[in-house]
Amino acid sequence: MATITPFLWFNDQAEQAMNFYLSVFEDGKVLNLSRYPAGAPLPEGTLMTAGFVLNGQEFVALNGGPAFGFNQAISFVVNCETQDELDYYWDKLAAGGQTHQCGWLADRFGVPWQIVPTALSRLLGDPDPAKAARVMQAMLPMAKIDIAALERAAAA
């Protein structure tokens, strides 16, 4: 069966990014590494590609030079059960990066992430449209999502 693997193009920071992600996600490991040989576009010995796994999801990282960059059109969603879990991933991945509203951030390598509570879809999908609207209005000004504030909005 065919699999889908996100392929991340970095200028020259693929190895640093991979090592950072492996430090953030407990269930991670390196699958393989390949390095540029002499005469390649980047210096000999520089990481060319790395295969790695984070929480069961395989990724490939490439040092491909400055031709492409990341943007918010594609992001990785980290679904969190608790505020402590959400705080952990938000604080780790946002460090040195940029935060945006509604749980979005770009890490220090420019890779976009959404750090969201699993409760969010339940609250926004509530059959009571007024309750869902209050939750939406509470969430919109947030950068890091506050689960208790969403719950309070739903109960109001």
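An axis here is a line fitted to C-alpha atoms, for helices over the stretch in contact, and angles run from 0 to 180 degrees between N-to-C directions. Helices (H or I, at least four residues) and strands (E, at least two) are DSSP runs, numbered from the N terminus.

The structure is a predicted model: local features need pLDDT of at least 70, side-chain atom pairs count only at pLDDT 80 or more, and totals for chains, interfaces and linings use all residues. Residues are numbered from 1 along each chain as its sequence is written, and side-chain values use heavy atoms, with hydrogens and water left out.

**Stop 1: the whole chain**

Show the whole protein chain as a cartoon. Look for five helices and eight strands. Trace the chain along the sequence and the pattern reads β-α-β-β-β-β-α-β-β-β-α-α-α. The C-alpha trace spans about 65 × 30 × 25 Å along its principal axes.

**Stop 2: the sheet E1-E4-E3-E2**

Select strand E1 (7–10) and strand E2 (28–35). Add strand E3 (47–54) and strand E4 (residues 57–63). These four strands form an open sheet in the order E1-E4-E3-E2, with mixed pairing. Two strands count as paired if DSSP finds at least two bridges between them. E1 and E2 stand at the edges with a single partner strand each, so one side of each has no neighbour in the sheet. From one strand to the next, the twist averages 20°.

Strands of a sheet pair through backbone hydrogen bonds, either parallel or antiparallel. Both kinds can be found here. E1 and E4 run parallel and are joined by four bridges. Pick Trp9; its bridge partner in E4 is Leu62. E3 and E4 run antiparallel, with six bridges between them. Pick Ala50; its bridge partner in E4 is Ala61.

Now go to the turn of this hairpin. Two residues lie between E3 and E4, and Asn55 takes a positive phi near 45°.

**Stop 3: helix H1 and helix H2**

Select helix H1 (residues 14–24). H1 lies across E1, E2, E3 and E4, running at about 15° to E3. Then add helix H2 (residues 83–94). Which way does H1 run relative to H2, roughly parallel or roughly antiparallel? Their axes come within 10 Å and cross at roughly 160°. That makes H1 roughly antiparallel to H2 (under 35 degrees counts as roughly parallel, over 145 as roughly antiparallel, 65 to 115 as roughly perpendicular and the rest as oblique).

H1 passes H2 in a right-handed crossing. A crossing is right-handed if the near helix is turned clockwise from the far one by less than a right angle, and left-handed if anticlockwise.

Show side chains next. Phe20, Tyr21, Ser23 and Val24 in H1 meet Tyr88, Tyr89, Lys92 and Leu93 in H2. Contact means heavy atoms within 4.5 Å. By class, this contact has six nonpolar, one polar and one charged residues. Ala, Val, Leu, Ile, Met, Phe, Trp, Tyr, Cys and Pro count as nonpolar, Asp, Glu, Lys and Arg as charged, and the others, Gly among them, as polar.

**Stop 4: the sheet E5-E8-E7-E6**

Select strand E5 (76–80) and strand E6 (98–99). Add strand E7 (residues 104–106) and strand E8 (residues 112–117). They form an open sheet in the order E5-E8-E7-E6, and the pairing is mixed. E5 and E6 are the edge strands, each with a single partner, so one side of each is left without a neighbour in the sheet. Three bridges join E7 to E8, which run antiparallel. Ala106 has Pro112 as its bridge partner in E8. H2 packs on this sheet, touching E5, E6, E7 and E8, and its direction makes about 165° with that of E8.

**Stop 5: a salt bridge**

Zoom in on Lys144 and Asp87. They form a salt bridge, with the closest N and O atoms 3.3 Å apart. Lys144 lies in the loop between helix H4 (129–139) and helix H5 (147–155) and Asp87 in H2, so the pair ties together parts 57 residues apart in sequence. The whole structure has five salt bridges (a side-chain nitrogen of Lys or Arg within 4 Å of a carboxyl oxygen of Asp or Glu).

**Stop 6: helix H4 and helix H5**

End with H4 and H5. They pack at an angle of about 145°, with axes 8 Å apart. Their crossing is right-handed.
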